[in-house]
Structure formats: structure tokens, C-alpha cells
Amino acid sequence: MRLVLDPAADGPARDLARRESACCSFFTFAFTESHDGRLVREVTAPAAYADVVDALADRADGAAGRAGREAS
């Protein structure tokens, strides 16, 4: 799963990744910067946990949709 975030979310996103790694060691988190300066967070897991990553992606999509509607 790849999430593109505002750079201001860097600290909280890395803190959440640290806490998730402590809880669920099967997740791998990587942070990079996109060509336009935004923060890219990639979440991977072994194939056995694909359903977990898919569920997280669904939640992120839902949250992004709600945030977009609230901002309108």
C-alpha cells in the first residue's frame, strides 16, 4: 500500500509506523519523498497478511474520502 501524505504528517506518520511495527512485526514501512515534495509511506507485509494490508487501504481510502468531503 502506498500513501501520499502532506510533509507536515512526517512526524506522526513515522511515530505510527514505529508503534505498528512494535505491535505487528509483519509490517514493513518505508518513507520516501515524491517528486513534488510530498511524503510517500509504503506499507508491505508477507502475502499471508495481504488481507490485513487491504483492510488498511480500505480504511485509508474511506478516511481520505471523508476528509475531502469535509474540506468541500
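## Questions about a predicted β-α-β-β-α chain

Read from one end of the sequence to the other, the chain follows the pattern β-α-β-β-α. This is a predicted model in which local features need pLDDT of at least 70 and side-chain atom pairs count only at pLDDT 80 or more, while totals for chains, interfaces and linings use all residues. Residues are numbered from 1 along each chain as its sequence is written, and side-chain values use heavy atoms, with hydrogens and water left out.

Colleague: How many helices and strands does the secondary structure of the chain come to?

Modeller: Helices (H or I, at least four residues) and strands (E, at least two) are taken as DSSP runs, numbered from the N terminus. Strand E1 covers residues 2-5, helix H1 covers 10-23, strand E2 covers residues 28-33, strand E3 covers residues 39-44 and helix H2 covers 50-71. The secondary structure therefore comes to two helices and three strands.

Colleague: In which sense do E1 and E3 pair, and over how many bridges?

Modeller: Two strands are said to pair if DSSP finds at least two bridges between them. In this pairing Leu-3 stands opposite Arg-41 of E3. E3 is also joined to E2 by six bridges, with those two strands running antiparallel. As for E1 and E3, the sense is antiparallel, over four bridges.

Colleague: Which residue takes a positive phi in the hairpin of E2 and E3?

Modeller: The two strands of this hairpin run antiparallel, and Thr-28 has Thr-44 in E3 as its bridge partner. Five residues lie between the strands, and the one with a positive phi, near 90 degrees, is Gly-37.

Colleague: Arg-41 has no salt bridge, so which side chain of opposite charge is nearest, and how far away?

Modeller: Arg-41 is found in strand E3 and is buried, where buried means under 20% relative accessible area, exposed over 50% and partly exposed in between (1.4 Å probe, protein chains only). Not counting residues up to four places away in sequence, Arg-41 touches a set of residues including Leu-3, Leu-5, Leu-16, Phe-29 and Phe-31, a contact being heavy atoms within 4.5 Å. A salt bridge is a side-chain nitrogen of Lys or Arg within 4 Å of a carboxyl oxygen of Asp or Glu, and for charge Lys and Arg count as positive and Asp and Glu as negative, with His and the chain ends not counted. The nearest side chain of opposite charge to Arg-41 is Glu-20, at 6.5 Å.

Colleague: Which residue forms a salt bridge with Arg-2?

Modeller: A search of the whole structure finds four salt bridges, and the one made by Arg-2 has its closest N and O atoms 3.3 Å apart. The pair links distant parts of the chain, strand E1 and strand E3, 40 residues apart. Arg-2 is exposed, with a relative accessible area of 57%, whereas its partner counts as partly exposed at 27%. That partner is Glu-42.

Colleague: Which residues are joined into one network by salt bridges that share partners?

Modeller: Helix H1 holds Arg-14 and Asp-10, four residues apart, about one turn of the helix, and their side chains meet in a salt bridge (2.6 Å, N to O). Arg-18 forms a salt bridge with Asp-15, the closest N and O atoms being 2.6 Å apart. Arg-18 and Asp-15 both lie in helix H1, three residues apart. Salt bridges that share partners make one network of Asp-15, Arg-18 and Arg-19.

Colleague: What accessible area do Tyr-49, Val-52 and Leu-56 have together?

Modeller: Patches are made of residues with over 30% relative accessible area and no salt bridge, with like charges joined within 9 Å and nonpolar side chains (Val, Leu, Ile, Met, Phe, Trp, Tyr) within 5 Å. Tyr-49, found in the loop between E3 and helix H2, counts as partly exposed at 33% relative accessibility. Accessible areas come from the Shrake-Rupley method with a 1.4 Å probe, and for residues only the protein chains shown count as cover. The three form a nonpolar patch on the surface, with a joint accessible area of about 210 Å².

Colleague: What share of the residues in the chain is buried?

Modeller: The chain exposes about 5,100 Å², of which carbon and sulfur atoms supply 53%. Its C-alpha trace spans about 40 × 20 × 20 Å along the principal axes. Of the 72 residues in the chain, the buried share is 17%.
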